[in-house]
Amino acid sequence: MTPGLISRLQDIPGVDTVAIDLTGDSGAINLKVAPDADEKRILGEVQALLVSYGVRGLVKANIEVGPSTTDFGLDVAITPYEGGARIQVRAGDVESSRQVAATPKAIAQGLADAWCQVSARPPLEVTTVTLGGAGALAIVVSDGTNERRGVADISSGWANALTYAVGSALGFLGDNGANRARLAPTAW
């Protein structure tokens, strides 16, 4: 399997060299990427290739994102903080902050919790966070009975994608990102 994987990884445009060591407990795939390469595209192609091989990571990926101001009256800041992430959500005079692990699911849950708090809605559980091959970030939330899904494109940045996907899943935003924040708390 390793020689085929190496050649497929080397075929990805922008990947200069590949080194794979699967003998240790954690195993490793090391890629040297060209300085001018599109890293997001490369990571997407590597993820899709590894999924096709049936590889599932043992450790959740860490992500770092910066501040974001939405165009629907909500200020969101997701910043690195002591090995994790700090989430701040503000709607008018009401603000909610969370410190979470720097993983996509933890950040999505922190966003969902903070967004529900500033909107006086019951909290919902983020059940899944997935990144599709085309750069679509999908987030599913549940109230214990029903599930809703929100999707956003990561091309506008992680902070925006997380904000829009969580907002759509919570029912605050329509599929086009339109503000639906005036929905009744029971509108599911």
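**Exercise 1. Find what share of the contacts with a separation of 6 or more links residues 24 or more positions apart, and then describe the overall make-up of the protein.**

*Solution.* Among the contacts in the protein with a separation of 6 or more, 35% are made by residues 24 or more positions apart. The model examined here is a predicted one, and its secondary structure consists of four helices and nine strands. Following the chain along the sequence, these elements come in the pattern α-β-β-α-β-β-β-β-α-β-β-β-α. Of the 188 residues in the protein, 38% are buried, while the exposed surface comes to about 10,600 Å², with 51% of that area supplied by carbon and sulfur atoms.

**Exercise 2. Work out in which order β7, β8 and β9 are arranged in their open sheet, and determine which helices lie against these strands.**

*Solution.* Begin with the strand order, which is β7-β8-β9 in an open sheet of three strands with antiparallel pairing. The edges are formed by β7 (125-131) and β9 (147-153), each of which pairs on one side only. Direction ignored, neighbouring strands of this sheet are turned against each other by 20 degrees on average.

Next, consider one pairing in detail: β8, covering residues 136-142, is joined to β9 in the antiparallel sense over seven bridges, and within this pair Ser142 stands opposite Glu147 of β9.

Finally, add the helices. Helix α4 (residues 158-170) packs on the sheet and touches β7, β8 and β9, its direction making about 155 degrees with that of β9. Helix α3 (residues 104-118), for its part, lies across β7 and β8 and runs at about 135 degrees to β7.

**Exercise 3. Describe how β5 and β6 are connected, and identify the residue in their turn that has a positive phi.**

*Solution.* First establish the pairing: strand β5 (residues 84-91) and strand β6 (residues 94-101) run antiparallel and are joined by eight bridges. One position that can be located on the structure is Ile87, which stands opposite Arg98 in β6. The connection itself is a hairpin with two residues between the strands, and the turn residue sought is Gly92, whose phi is about 65 degrees.

A positive phi also occurs at a residue that is not a glycine, namely Ala120, where the value is about 55 degrees. Ala120 is placed in the loop between α3 and β7, and because its relative accessibility is 64%, where exposed means over 50%, Ala120 counts as exposed.

**Exercise 4. Locate the two salt bridges of the structure, and decide whether the residues Glu45, Arg41, Glu95 and Arg90 are buried, partly exposed or exposed.**

*Solution.* As background, side chains of opposite charge can pair when their charged atoms come close. The structure holds two such salt bridges.

In one of them, the side chains of Glu45 and Arg41 meet at 2.7 Å, N to O. Both residues belong to helix α2 (residues 39-52), where they lie four residues apart, about one turn of the helix. To classify them, recall that partly exposed covers the range between under 20% (buried) and over 50% (exposed); Glu45 therefore counts as partly exposed at 32% relative accessibility, and Arg41 is likewise partly exposed, with a relative accessible area of 30%.

The other salt bridge joins the side chains of Glu95 and Arg90, at 2.4 Å, N to O. Here too the residues are partly exposed, because the relative accessibility is 37% for Glu95 and 38% for Arg90.

Definitions and conventions:
Residues are numbered from 1 along each chain as its sequence is written. This is a predicted model: local features need pLDDT of at least 70, side-chain atom pairs count only at pLDDT 80 or more; totals for chains, interfaces and linings use all residues. Side-chain values use heavy atoms; hydrogens and water are left out. Buried means under 20% relative accessible area, exposed over 50%, partly exposed in between (1.4 Å probe, protein chains only). Contact means heavy atoms within 4.5 Å. Accessible areas come from the Shrake-Rupley method with a 1.4 Å probe; for residues, only the protein chains shown count as cover. Two strands pair if DSSP finds at least two bridges between them. Axes are lines fitted to C-alpha atoms, for helices over the stretch in contact, and angles run from 0 to 180 degrees between N-to-C directions. A salt bridge is a side-chain nitrogen of Lys or Arg within 4 Å of a carboxyl oxygen of Asp or Glu.
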